[in-house]
Amino acid sequence: MEQSQFGEIVAPLLDWYNQNKRCLPWRADKEPYHIWVSEIMLQQTRVEAVIPYYERFMKRLPSILSLADCENEELFKLWEGLGYYSRARNLKKAAQEIRTRYQGVFPKNYDEILKLPGIGAYTAGAISSIAFGEPRAAVDGNVLRVITRLTQDCHDITDTKFRAEITQALERVYPQTGRGDFTQSLMELGAVACVPNGKPKCAECPLAFLCGAYQDSTQSQYPVKKKKTARKIEQKTVLLIKYQDKIAIGKREGKGVLSGMWELPNLDGELTKPQILQWLSEQQFDIKEIQKMKDTGKALKHIFTHIEWHMTCWIVTCESVANENGFTWVTTGQLEKEIALPTAFKKVYQKMQESFSEGAFS
Ligand code: SF4
């Protein structure tokens with residue numbers, strides 16, 4: 001099919017959606033706050049994984065104002081496990097902006113929504129069409145997969161111009177009623193039938209009669225995606241510094257990855273024992289013992305969007321501590337229950353704990 005035929009997908013897709021849509025907690029009403037939070041959580045995480053996070057979040061922060069007032073520590077704890085903490089930070093920033101600029105009421109118009117921190121064209125399209133019935137499309141990877149298969153389009157789907165072209169072509173055919181449903185029907189088809197991994201379920205698809213890829217059996221050739229540039233690899237030396245029943249943690253400074261989050265003390269590069277001892281002495285640690293974990297292979301890699309950390313880990317046991325050495329000292333219980341330690345460090349912490357008990361140190 002051609003883009004000029006997009007009008008033909010509306011009715012069959014809406015019928016299919018109304019009969020087959022999944023019952024999801026954020027679909028219970030058209031409250032923009034609910035749609036917004038769910039869309040932000042769903043950006044990097046599967047629906048099934050998001051549901052418990054969403055429910056816990058809404059129980060604790062049921063309104064925009066409660067989010068605006070939430071302490072970062074609690075917010076990050078609610079977000080722990082979802083990763084990409086800048087999303088949580090932006091949610092709070094946007095909630096504060098809604099309180100200041102819009103008296104706590106979510107703006108109703110696409111252009112105003114788009115100005116809020118952390119909200120791009122996709123999320124603004126989703127909120128404005130689902131909550132306010134605007135004829136705005138929300139085009140993400142799921143929708144682009146459906147569209148490029150329908151039209152057998154070889155454009156690179158990471159190209160923002162192509163994404164904008166598809167968005168406009170879809171917006172031209174938005175129905176008078178059920179606009180939010182049309183937005184969601186496209187997302188839903190991409191999520192449950194025109195799936196990314198494995199064979200699409202074309203026999204269940206309401207658009208099979210229009211689909212070029214289905215008719216030519218070329219589904220696996222779409223979507224076309226430009227190869228990503230290789231991630232930058234950064235070596236890190238991570239320290240689990242213990243004193244009696246406590247562990248040293250600090251707040252990550254700067255503007256880079258995980259800024260403002262809790263961290264285990266860590267240094268750039270794969271440092272040698274003398275280099276680590278030098279650093280520890282500069283921080284005035286009184287060291288009793290230092291041990292390196294023997295195998296810090298694959299398990300201790302952590303992947304961010306553009307960076308990959310390869311972490312070498314050491315356990316440092318202190319003889320004594322002077323003036324807390326500039327760190328915050330917490331028990332393992334506090335670290336596990338109260339502190340939102342980002343997954344990169346949590347992984348290291350767990351691995352070091354396990355390895356320590358198994359004697360896997362040199
Ligand atoms: S027919 Fe198959 S390939 Fe085409 S849109 Fe439907 S699920 Fe996707």
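Biologist: What makes the 59 residues of the largest nonpolar core a core?

Modeller: The term covers a set of buried Ala, Val, Leu, Ile, Met, Phe, Trp, Tyr and Cys residues joined through C-beta atoms within 7 Å. The largest such set has 59 residues, and Val-37 and Ile-127 have the most contacts inside it. Helix α2 (residues 32-42) gives the most to this core, seven residues. This is a predicted model: local features need pLDDT of at least 70, side-chain atom pairs count only at pLDDT 80 or more, and totals for chains, interfaces and linings use all residues. Numbering starts from 1 along each chain as its sequence is written.

Biologist: How do you know which residues Ile-127 is in contact with?

Modeller: Two residues are in contact if their C-beta atoms, placed from the backbone, lie within 7 Å. Neighbours within four places in sequence are left aside, and Ile-127 is then in contact with Pro-32, Ile-35, Trp-36 and Ile-113. A second, separate core has 27 residues, among them Tyr-243, Met-311, Cys-318 and Phe-327.

Biologist: Why is Pro-12 called partly exposed?

Modeller: A residue is buried with 20 or more other C-beta atoms within 10 Å of its own, exposed with 12 or fewer, and partly exposed in between; C-beta atoms are placed from the backbone. Pro-12 has 16 such atoms within 10 Å, so Pro-12 is partly exposed. Pro-12 lies in helix α1 (residues 10-20). Pro-12 touches Pro-206 and Leu-207, not counting residues up to four places away in sequence. In the protein, buried residues make up 33% of the 362 residues.

Biologist: What makes a stretch such as α5 a helix?

Modeller: Helices (H or I, at least four residues) and strands (E, at least two) are DSSP runs, numbered from the N terminus. The protein comes to 15 helices and eight strands. Helix α5 spans residues 72-79, and its buried residues are Leu-75, Phe-76 and Trp-79.

Biologist: Why do the buried residues of α5 line one face?

Modeller: Seen down the axis, they fall within an arc of 95 degrees, so they line one face of the helix. The arc is that of the directions from the helix axis to the C-beta atoms. The buried residues of α5 pack against α6 (86-102). Just after α5, Gly-81 takes a positive phi of about 105 degrees.

Biologist: How do you know which strands pair with β7?

Modeller: Two strands pair if DSSP finds at least two bridges between them. Strand β1 (residues 232-243) and strand β7 (residues 307-320) run parallel, with 11 bridges. Glu-234 stands opposite Trp-309 in β7. Strand β5 (residues 286-292) pairs with β7 in the antiparallel sense over six bridges. There, Ile-290 has Val-316 of β7 as its bridge partner. Strand β6 (residues 301-303) also pairs antiparallel with β7, over three bridges. A hairpin of three residues joins β6 to β7.

Biologist: What makes a residue part of the shell around the ligand?

Modeller: Its C-beta atom, placed from the backbone, lies within 6 Å of the molecule. The ligand is surrounded by 14 residues, and the closest are Cys-194, Cys-202, Cys-205, Cys-211 and Tyr-214. Helix α9 supplies the largest share, three residues.

Biologist: How many residues of this shell are called nonpolar?

Modeller: Ala, Val, Leu, Ile, Met, Phe, Trp, Tyr, Cys and Pro count as nonpolar, Asp, Glu, Lys and Arg as charged, and the others, Gly among them, as polar. On that basis the shell divides into 12 nonpolar, one polar and one charged.
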